[in-house]
Amino acid sequence: MVDCIFCKIANGEIPSATLYEDEEFRVILDLGPASKGHALILPKTHAANIYELSDETAGKAMILAKHMASKMTDALGCEGFNIVQNNGEIAGQTVFHFHMHLIPRYKGDKVGLTWTPGKLTDEVKDEILAKIK
Ligand code: AMP
Ligand code: ZN
């Protein structure tokens with residue numbers, strides 16, 4: 001897609017710190033890392049978000065995330081790992097080319113991915129089950 005920065009990075013038009021590349025994906029270091037080693041999986045084909053992503057690319061992206069998590073954990077010595085994927089401005093997406101965040105976690109790091117748990121009421125549970133199941 002014209003003027004999509006992640007299309008340009010993924011396809012090598014803009015240089016990046018690349019950890020992995022194949023025909024369909026590039027994995028780069030995030031320029032504003034949440035922790036040491038924070039990386040992004042970028043498909044080379046443009047999809048703005050998970051809603052536009054093909055099933056095939058979605059499946060391959062998850063397998064790649066699994067492989068990168070193991071490789072990065074071994075290499076960096078982190079103690080845990082978050083995989084984060086934002087869709088839409090309301091959900092914190094700032095670059096509108098699908099990407100998955102690979103975030104290594106270390107004791108005492110300042111990564112904040114928490115929320116205040118609510119309470120699932122019977123009414124809301126029934127409403128959601130009726131709509132989705
Ligand atoms: P999101 O908020 O989920 O859309 O994530 C966008 C991520 O892309 C942020 O973590 C940014 O730090 C990162 N980012 C933005 N521009 C670049 C870039 N040119 N190279 C590497 N990472 C970038
Ligand atoms: Zn793009």
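**A zinc site and a central helix in a predicted model**

With a relative accessibility of 0%, His 97 counts as buried. This residue belongs to a predicted model, and the description that follows begins at the metal site to which His 97 contributes a donor atom.

The zinc ion (ligand 2) has as its protein donors Cys 4 through SG, Cys 7 through SG, His 46 through ND1 and His 97 through ND1, at distances of 2.0 to 2.3 Å. The angles subtended by the four donor atoms around the zinc ion (ligand 2) run from 105 to 117 degrees, which makes the arrangement tetrahedral. For comparison, the ideal angle for four tetrahedral donors is 109.5 degrees. Along the sequence, the donor residues of the zinc ion (ligand 2) follow the spacing C-x2-C-x38-H-x50-H. Distant parts of the chain are linked in this way, since Cys 4 lies in the segment before helix H1 (5–10) and His 97 in the loop between S4 and S5, the two being 93 residues apart. Cys 4, at 6% relative accessibility, counts as buried, and Cys 7, with a relative accessible area of 7%, is buried too. A search of the whole structure finds zero disulfides.

In the segment before H1 lies Asp 3 as well. Asp 3 has a positive phi of about 65 degrees although it is not a glycine, and with a relative accessibility of 64% it counts as exposed.

Helix H2 comprises the 22 residues 55–76, which at 1.5 Å a residue should span 32 Å, and the distance of 31 Å between its end C-alpha atoms agrees with that expectation. Buried residues of H2 are Thr 57, Ala 61, Leu 64, Ala 65, Met 68, Ala 69 and Met 72. These residues cover an arc of only 155 degrees around the axis, which puts them on the same side of H2. In general, an α-helix has 3.6 residues a turn, so residues three or four places apart point the same way. The other side of H2 carries the exposed residues Asp 55, Glu 56, Lys 66 and Asp 74. The packing partners of the buried residues of H2 are strand S1 (18–21), strand S2 (25–29), strand S3 (39–43), strand S4 (80–84) and strand S5 (100–105). Just after H2, a positive phi of about 70 degrees is found at Gly 77.

Two loop residues can be set beside these elements. His 38, located in the loop between S2 and S3, has a relative accessibility of 5% and therefore counts as buried. When neighbours within four places in sequence are left aside, the contacts of His 38 are Ile 28, Leu 29, Asp 30, Gly 32 and Pro 33, together with His 101, Leu 102, Ile 103 and Pro 104. Thr 45, by contrast, is found in the loop between S3 and H2, and its relative accessibility of 61% means that it counts as exposed. Between Thr 45 and Gly 118 there are 38 Å in space, C-alpha to C-alpha, and the two residues are 73 residues apart in sequence.

Methods: Residues numbered from 1 in each chain as written. Chains lettered and ligands numbered in written order. Predicted model: local features only at pLDDT ≥ 70, side-chain atom pairs only at ≥ 80, totals over all residues. Heavy atoms only, no water. Helix = DSSP H or I, 4+ residues; strand = E, 2+ residues; numbered from the N terminus. Expected span 1.5 Å × (residues − 1). Buried < 20%, exposed > 50% of the residue type's maximum accessible area, 1.4 Å probe, protein only. Arc of directions from axis to C-beta. Contact = heavy atoms within 4.5 Å. Donors = N, O, S within 2.8 Å, 3.2 Å for Na, K, Ca; no water. Tetrahedral: all angles 85-135°; square planar, octahedral: opposite > 155°, others 65-115°. Disulfide = S-S within 2.5 Å.
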